[in-house]
Amino acid sequence: MNYRTILVHLDHSDRSPLRGAVAARWSRAHAAHLVGLVPTALHDGVIPADAIATGMSDYIAESADYLRRRAEAIAREFRASIAASGPLSYEVRLVDGATVDAVARHGRTSDLVVLGQDDASSRNDTVVRALAEQVLLEAGQPVLVVPSVGDAFEGMPKNVIVAWDGSREAAMALRAALPALRQGVRVTLVSLRHPRDEEQAQRLLVPEMIQYLLRHGVNARAESGVTESSFGDALLSLVSDLGADLLVMGGYGHSRLRERIAGGVSRQIFSQMTVPVLMAH
């Protein structure tokens, strides 16, 4: 697959411009069309207490006008950043409706959805929490989640960790990441197991997956590990130890036995990520 359409969610949070810049960089690298999606937050936005003058006779209409003007300001800032950074095929969509629903619906018309990690600095801006997790489950497309802390993530990822546990979700994430993996300089396929899980290595088909990647133009190496701690802790440590600038992994849903066993890994990564994470469900 290739990324032909990339969608980025834009809002009033401090990290939104950085998220837009990351999405633009990926779009240029993959010759993709970029969609900047700006939900007006008409149904789930938070309006600062001093935004609407006291004594207004129609508070609902004034609030809607405030949210629309704020969305238009976000769109103008995004357009200006694109114009300043060079030629790119792009568009901006201002949409009403609930944010999760809007991002999921428009995300289904794209190859990759770029979202932000929950950001404590934006608590006064929106009531939408766990947006990335909800869109991951509802959009049916892979998501690239940009951390709410850290540097500007300049350049395209060159040192990529792919978390491989043999699951359907991990396979979907790996396939969704192929365009990015082809541009990587160092790709490491990481498989982890607990000490008592002796049979996992045979189930994972790691040599077969390495050959699969090679046939797709990705020269990857395999690394396995045994950990007494949680897989989330182990992955985060590997990201730091290997100096990775992108983590690829499957995302799990919120039900059944698999969620109880592995879903905590997704939640931990979502809350503690230090580099962009590409997930698929």
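In this predicted model, a convenient place to start is Tyr90, which is partly exposed at a relative accessible area of 28%. Its partner in an aromatic pair is Phe78: the two ring centres lie 6.0 Å apart and the planes meet at 80 degrees, so the arrangement is edge-to-face. This pair joins distant parts of the chain, with Phe78 in helix α2 (residues 59-85) and Tyr90 in strand β3 (residues 90-95), twelve residues apart. Phe78 itself is buried, with a relative accessible area of 4%.

The loop between α2 and β3 contains Pro87. With a relative accessible area of 80%, Pro87 is exposed. In space, its C-alpha lies 8.5 Å from that of Arg28, although the two residues are 59 apart in sequence.

How many aromatic pairs does a search of the whole structure find? There are two. Besides the one already described, Tyr3 and Trp26 form a tilted pair, with 6.2 Å from centre to centre and 40 degrees between the planes. Tyr3 belongs to the segment before β1 (5-9) and Trp26 to helix α1 (residues 16-29), so this pair ties together parts of the chain that are 23 residues apart in sequence. Tyr3 counts as buried at 0% relative accessibility, and Trp26 is buried as well, at a relative accessible area of 3%.

Trp26 also leads into the interior of the model. Leaving aside residues up to four places away in sequence, Trp26 touches Tyr3, Ile6, Leu112, Leu144, Met156, Pro157, Ala180, Leu246 and Leu278. In the largest nonpolar core, which has 50 residues, Trp26 is among those that touch the most other members, together with Leu34, Trp164, Leu181 and Leu278. Helix α5 (residues 168-182) supplies the largest share of this core, at nine residues. Another core, of 38 residues, lies apart from it and includes Leu7, Val128, Val143 and Leu247. As general background, nonpolar side chains in soluble globular proteins tend to be buried together.

Helix α8 (residues 231-241) offers a last look at burial along a single element. Its buried residues are Gly232, Ala234, Leu235, Leu236, Leu238 and Val239. A useful reminder here is that an α-helix has 3.6 residues a turn, so residues three or four places apart point the same way. Gly243 follows α8 and has a positive phi, near 65 degrees.

How values were computed: Residues are numbered from 1 along each chain as its sequence is written. This is a predicted model: local features need pLDDT of at least 70, side-chain atom pairs count only at pLDDT 80 or more; totals for chains, interfaces and linings use all residues. Side-chain values use heavy atoms; hydrogens and water are left out. Buried means under 20% relative accessible area, exposed over 50%, partly exposed in between (1.4 Å probe, protein chains only). Helices (H or I, at least four residues) and strands (E, at least two) are DSSP runs, numbered from the N terminus. Rings of Phe, Tyr and Trp (its six-membered ring) pair if their centres lie within 6.5 Å; planes under 30 degrees apart count as stacked, over 60 as edge-to-face and the rest as tilted. A nonpolar core is a set of buried Ala, Val, Leu, Ile, Met, Phe, Trp, Tyr and Cys residues joined through side-chain atoms within 4.5 Å. Contact means heavy atoms within 4.5 Å.
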